[in-house]
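Work through these exercises with the structure open beside you. Try each task before you read its solution.

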Amino acid sequence: MEQLSLFSQEINLSSPLASRLRPQTLDDYIGQEHLIGKGKVLRQMLDTDRISSMIFWGPPGVGKTTLARIIANMTHSSFIDFSAVTSGIREIKDVMKQAENDRMVGMKTIVFVDEIHRFNKAQQDAFLPYVEKGSIILIGATTENPSFEINSALLSRCKVFVLQALTGLDIQKLLHHALTDKRGLGNTTIYIEERLLNAIAVFANGDARTALNTLDMAVLNGEIQPDGSIVVKEEVLEQCIGKKMLLYDRDGEEHYNLISALHKSMRNSDPDAAIYWLARMLEAGEDPLYVARRLIRFASEDVGMADSQALQVAVAAYQACHFNGMPECNVNLAHTVVYLSMAPKSNAVYTGYLKAQADAEKMLAEPVPLQIRNGVTELMQELHYGEGYQYAHDTKEKLTTMECLPESLKGKEYYLPGNQGHEAEVKEKLVKIKEFRKAAELT
């Protein structure tokens with residue numbers, strides 16, 4: 001554990017760039033506008049100096065520790081930095097005793113526990129009485145879901161704030177700040193192309209620490225010019241990040257070109273091309289969860305009822321990406337891309353919805369037929385809600401002739417199944433259902 005005074009810190013220019021540039025105020029803090037923007041709940045708690053114990057949940061490098069230090073600074077509190085890896089119950093009790101003494105003389109104590117999910121149940125329970133008494137304000141940071149990793153008794157006494165990965169624009173803003181701030185690299189003239197800064201932002205994948213460490217390494221390995229300036233070239237950055245600089249921009253045209261190429265290769269049942277475009281995206285730093293979301297969409301839009309298992313496979317791939325992350329999840333995505341490429345194809349569900357959407361947008365006020373309304377009150381029953389309803393389970397065929405579309409749309413067909421894969425069976429069944437209803441209406 002480390003007890004710090006936040007009002008007399010000296011900058012050590014030999015320390016890591018991320019440490020030197022650690023923001024001291026909310027005005028310098030980048031990201032998390034949904035929490036600390038004007039009028040947002042955490043900002044209001046700080047502005048009124050009415051903070052309580054809380055848990056910061058988010059991926060690495062998004063500013064959990066920094067935000068905790070800023071809170072301590074704004075509230076003029078003693079700040080104790082705990083490590084869940086090296087601290088035990090004995091250390092916790094020693095600190096709690098000191099915090100209780102400080103409380104008696106009007107001094108607040110913020111105890112920050114990084115990776116709080118690493119504490120076992122007994123260690124977490126050791127905080128409980130002091131949190132309840134108000135001896136400390138506990139701020140825990142975790143990359144894991146607090147619902148599963150933090151004791152319910154402790155969690156119920158803490159407000160959970162979800163911190164989001166920084167955007168590419170956030171990271172680029174941070175990198176420009178590092179190049180100009182005297183605490184960072186501002187004492188040296190550094191020449192680095194904007195596209196290389198963008199590449200660092202993509203590589204960092206929302207992690208500010210990774211971005212700053214990569215920039216620091218690239219500058220340290222840059223070419224020193226006669227005038228003392230430093231030039232960072234593409235080949236140096238490639239060595240620092242361990243991969244070739246691929247032409248890719250998450251917010252630019254190439255992003256959409258590549259996802260289009262992947263989608264259309266799978267639609268064309270070409271697994272070789274699909275895997276290549278997948279690799280192009282992942283190796284250039286694309287968020288695997290973005291790819292997984294697109295595969296889920298594809299499973300219903302282009303495979304649909306021809307193989308309903310495709311949707312389950314795609315959803316499982318998303319979960320695998322969430323659990324594994326990169327690079328381990330690349331094979332999970334490749335598995336799914338091949339499955340979707342080789343699955344029978346049908347866009348009948350997709351086109352059916354588009355037709356229904358068009359009618360819904362033009363006919364937003366069509367009344368629900370009385371027979372399929374739910375007459376749960378006496379008034380509704382007096383108005384004939386549910387009158388004429390036919391319960392399909394009461395019939396031998398499990399079918400009725402009851403009309404479920406509005407009168408103006410009677411007979412309209414939206415879903416027209418094709419002949420590929422399982423959908424051929426669905427088509428045959430649907431034909432029989434329609435023939436049964438037509439015959440029943442004639443009798």
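Two residues are in contact when they have heavy atoms within 4.5 Å of each other. The model is predicted.

**Exercise 1. Place Gln172 and find which residues it contacts, leaving aside neighbours within four places in sequence.**

Solution.
- Start with the element. Gln172 sits in helix H9.
- Check the accessibility. Buried means under 20% relative accessible area. Gln172 has 17%, so it is buried.
- Now list the contacts. With neighbours within four places in sequence left aside, Gln172 touches Glu194, Asn198 and Ala201.
- Recall the helix geometry. An α-helix has 3.6 residues a turn, so residues three or four places apart point the same way.

**Exercise 2. Describe the overall dimensions and make-up of the chain.**

Solution.
- Count the elements. The chain has 20 helices and nine strands.
- Take the box. Along the principal axes, the C-alpha atoms fill roughly 90 × 60 × 40 Å.
- Compare with a globule. The radius of gyration is 30 Å, while a compact globule of 443 residues would have one near 22 Å.
- Look at burial. Of the 443 residues, 44% are buried.
- Look at the surface. The accessible surface is about 24400 Å², and carbon and sulfur atoms account for 53% of it.
- Look at the contacts. Take those between residues at least 6 apart in sequence: 71% of them join residues at least 24 apart.
- Finish with charge. There are 47 positive and 58 negative side chains. The centres of the two sets lie 3 Å apart.

**Exercise 3. Decide whether helix H4 is enclosed or open, and name its buried residues.**

Solution.
- Locate the helix. H4 covers residues 64-74.
- Count. Because 10 of its 11 residues are buried, H4 is largely enclosed by the rest of the structure.
- Name them. The buried residues are Lys64, Thr65, Thr66, Leu67, Ala68, Arg69, Ile70, Ile71, Ala72 and Asn73. Charged side chains are listed here too, including Lys64 and Arg69.
- Look past the end. His76 follows H4 and has a positive phi, near 50°.

**Exercise 4. Find the largest nonpolar core and the elements that build it.**

Solution.
- Size it. The largest nonpolar core has 30 residues.
- Find the centre of contacts. Leu175, Ile190, Ile192 and Leu215 have the most contacts inside this core.
- Assign the elements. Helices H9 (168-180), H10 (194-204), H11 (208-220) and H12 (234-241) each give two or more residues to the core.
- Zoom in on Leu215. Not counting residues up to four places away in sequence, Leu215 touches Leu17, Leu175, Ala178, Leu179, Leu185, Ile192, Leu197 and Ile200.
- Look for another. A core of 25 residues lies apart from the largest one. Among its residues are Leu258, Ile259, Leu262 and Ala343.

**Exercise 5. Inspect the backbone at Asp49, Ser269 and Pro327.**

Solution.
- Set the expectation. Most residues other than glycine have a negative phi, and most peptide bonds are trans.
- Take Asp49. Its phi is positive, about 55°. Asp49 lies in the loop between helix H3 (41-47) and strand S2 (54-57). With 35% relative accessibility, Asp49 is partly exposed.
- Take Ser269. Its phi is also positive, about 55°. Ser269 is in the loop between helix H13 (253-267) and helix H14 (271-283). With 37% relative accessibility, Ser269 is partly exposed.
- Take Pro327. A cis peptide bond joins Met326 to Pro327, with omega about 5°. Pro327 lies in the loop between helix H16 (309-324) and helix H17 (330-342).
- Step back to Asn324. This residue lies in helix H16 and is partly exposed, at 42% relative accessibility. Leaving aside neighbours within four places in sequence, Asn324 contacts Cys329 and Asn332.

**Exercise 6. Set separation in sequence against distance in space for Met104 and Ser135, then for Pro16 and Leu278.**

Solution.
- Place Met104. Met104 belongs to helix H5 (residues 89-104). Exposed means over 50%. At 61%, Met104 is therefore exposed.
- Read the pair. Met104 and Ser135 are 31 residues apart in sequence, and their C-alpha atoms are 8.9 Å apart.
- Place Pro16. Pro16 is in the loop between strand S1 (2-4) and helix H1 (17-20). At 45% relative accessibility, Pro16 is partly exposed.
- Read the pair. Pro16 and Leu278 are 262 residues apart in sequence and 35 Å apart in space, C-alpha to C-alpha.

Conventions: Residues numbered from 1 in each chain as written. Predicted model: local features only at pLDDT ≥ 70, side-chain atom pairs only at ≥ 80, totals over all residues. Heavy atoms only, no water. Helix = DSSP H or I, 4+ residues; strand = E, 2+ residues; numbered from the N terminus. Rg over C-alpha atoms; globule rule 2.2 N^0.38 Å. Buried < 20%, exposed > 50% of the residue type's maximum accessible area, 1.4 Å probe, protein only. Areas by Shrake-Rupley, 256 points an atom, 1.4 Å probe, with all protein chains shown as cover. Lys, Arg positive; Asp, Glu negative; His and termini not counted. Charge placed at Lys NZ, Arg CZ, Asp CG, Glu CD. Core = buried A, V, L, I, M, F, W, Y, C linked by side-chain atoms within 4.5 Å.
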